[in-house]
Amino acid sequence: MPKKRCPKCESINTQRYGSYQTKSLKASGKRQRRMQRYYCLDCHTSFSERAEAKSTKRYEPSLILKAADLYFNAEASYRAVGRQLHIRPYQLFLWINELSKKAASPLRK
Ligand SMILES: [Zn+2]
């Protein structure tokens with residue numbers, strides 16, 4: 001198990017500090033996931049492992065906004081927007097899903 005780097009002081013002088021369960025609501029239903037907690041021995045802060053790389057991690061926010069803009073305003077399909085921006089249609093689907101959860105869009109339903 002590699003040492004975790006403290007997000008605050010960047011020390012690797014950290015140790016495991018128990019774990020806890022989180023519940024997240026997915027399209028497929030409720031899911032539980034175990035989160036590992038860590039404690040930094042240098043700055044005495046506890047922190048937790050980041051939830052696994054979010055699907056948006058590798059993408060610029062501006063790209064996501066552009067994709068959403070195209071999708072909603074140009075009424076393009078996932079496939080068409082995906083082709084235009086060189087992203088997978090499924091990736092776009094995830095973004096749109098995420099965005100529509102944050103702001104209930106009047107364009108849906
Ligand atoms: Zn620290």
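Start with the whole chain: of its 109 residues, 11% count as buried. Keep in mind that this is a predicted model.

**The overall layout**

Colour the chain by secondary structure. Three helices and three strands appear. Now read along the sequence. The order is β-β-β-α-α-α, so the strands precede the helices in that pattern. Next, turn to contacts between residues with a separation of 6 or more. Of these, 40% join residues 24 or more positions apart.

**Stop 1: the loop between β2 and β3**

Select β2, residues 29-40, and β3, residues 46-48. The loop between them holds His44. Is His44 buried or exposed? His44 is exposed, because 10 other C-beta atoms lie within 10 Å and a residue with 12 or fewer counts as exposed. Now add Thr14 to the selection. His44 and Thr14 are 30 residues apart along the chain, and their C-alpha atoms are separated by 9.2 Å.

**Stop 2: helix α1**

Move on to helix α1, residues 61-73. Pick out Leu65, which lies in this helix. Leu65 counts as exposed, with 12 C-beta neighbours inside 10 Å. Then select Trp95. Leu65 and Trp95 are 30 residues apart in sequence, yet C-alpha to C-alpha they are 9.1 Å apart in space.

**Stop 3: the loop after α1**

Follow the chain into the loop between α1 and α2, where Glu75 is found. Check its backbone: Glu75 has a positive phi of about 50° although it is not a glycine. Glu75 also counts as exposed, with 9 C-beta neighbours inside 10 Å.

**Stop 4: α1 against α2**

Show α1 and α2 together. At what angle do their axes cross? The crossing is at roughly 140°, and the axes come within 10 Å. The two helices are therefore oblique to each other. The crossing of α1 past α2 is right-handed. To see the contact, select Leu63, Lys66, Ala67, Leu70 and Tyr71 of α1. Across from them, select Val81, Gln84 and Leu85 of α2. By class, this contact of α1 with α2 has six nonpolar residues, one polar and one charged.

**Stop 5: the loop between α2 and α3**

Step along to His86, in the loop between α2 and α3. Phi of His86 is positive, near 60°, in a residue other than glycine. How many other C-beta atoms lie within 10 Å of His86? There are 7, so His86 is exposed.

**Stop 6: α2 against α3**

Select helix α2, residues 78-85, and helix α3, residues 89-102. Their axes come within 8 Å and cross at roughly 110°. That makes α2 roughly perpendicular to α3. The crossing of this pair is right-handed. Now display the side chains. On the α2 side, choose Tyr78, Arg79, Val81 and Gly82. They meet Pro89, Leu92 and Phe93 in α3. The residues of this contact divide into five nonpolar, one polar and one charged.

**Stop 7: α1 against α3**

Hide α2 and keep α1 and α3. These helices pack at an angle of about 85°, with their axes 10 Å apart. They are therefore roughly perpendicular to each other. Select Ile64, Ala67, Ala68 and Tyr71 in α1. Facing them in the contact are Leu92, Trp95, Ile96 and Leu99 in α3. Which classes of residue make up the contact of α1 with α3? Eight are nonpolar, with no polar and no charged residues.

**Last stop: the core**

Bring α2 back and clear the selection. Which residues form the largest nonpolar core? There are six: Ile64, Ala67, Tyr71, Val81, Leu92 and Trp95. α1 and α3 each supply at least two residues of this core. The most come from α1, which gives three. In soluble globular proteins, nonpolar side chains tend to be buried together.

Keep the core selected and look again at the helix contacts. Val81 is one of the α2 residues in the contact with α3. Leu92 and Trp95 are among the α3 residues that meet α1. Ala67 and Tyr71 are among the α1 residues in that contact.

Methods:
Residues numbered from 1 in each chain as written. Predicted model: local features only at pLDDT ≥ 70, side-chain atom pairs only at ≥ 80, totals over all residues. Helix = DSSP H or I, 4+ residues; strand = E, 2+ residues; numbered from the N terminus. Buried ≥ 20, exposed ≤ 12 C-beta atoms within 10 Å, placed from the backbone. Contact = placed C-beta atoms within 7 Å. Axes fitted to C-alpha atoms, helices over the stretch in contact; angles between N-to-C directions. Parallel < 35°, antiparallel > 145°, perpendicular 65-115°, else oblique. Left-handed = near helix turned anticlockwise from the far one by under 90°. Nonpolar A, V, L, I, M, F, W, Y, C, P; charged D, E, K, R; others polar. Core = buried A, V, L, I, M, F, W, Y, C linked by C-beta atoms within 7 Å.
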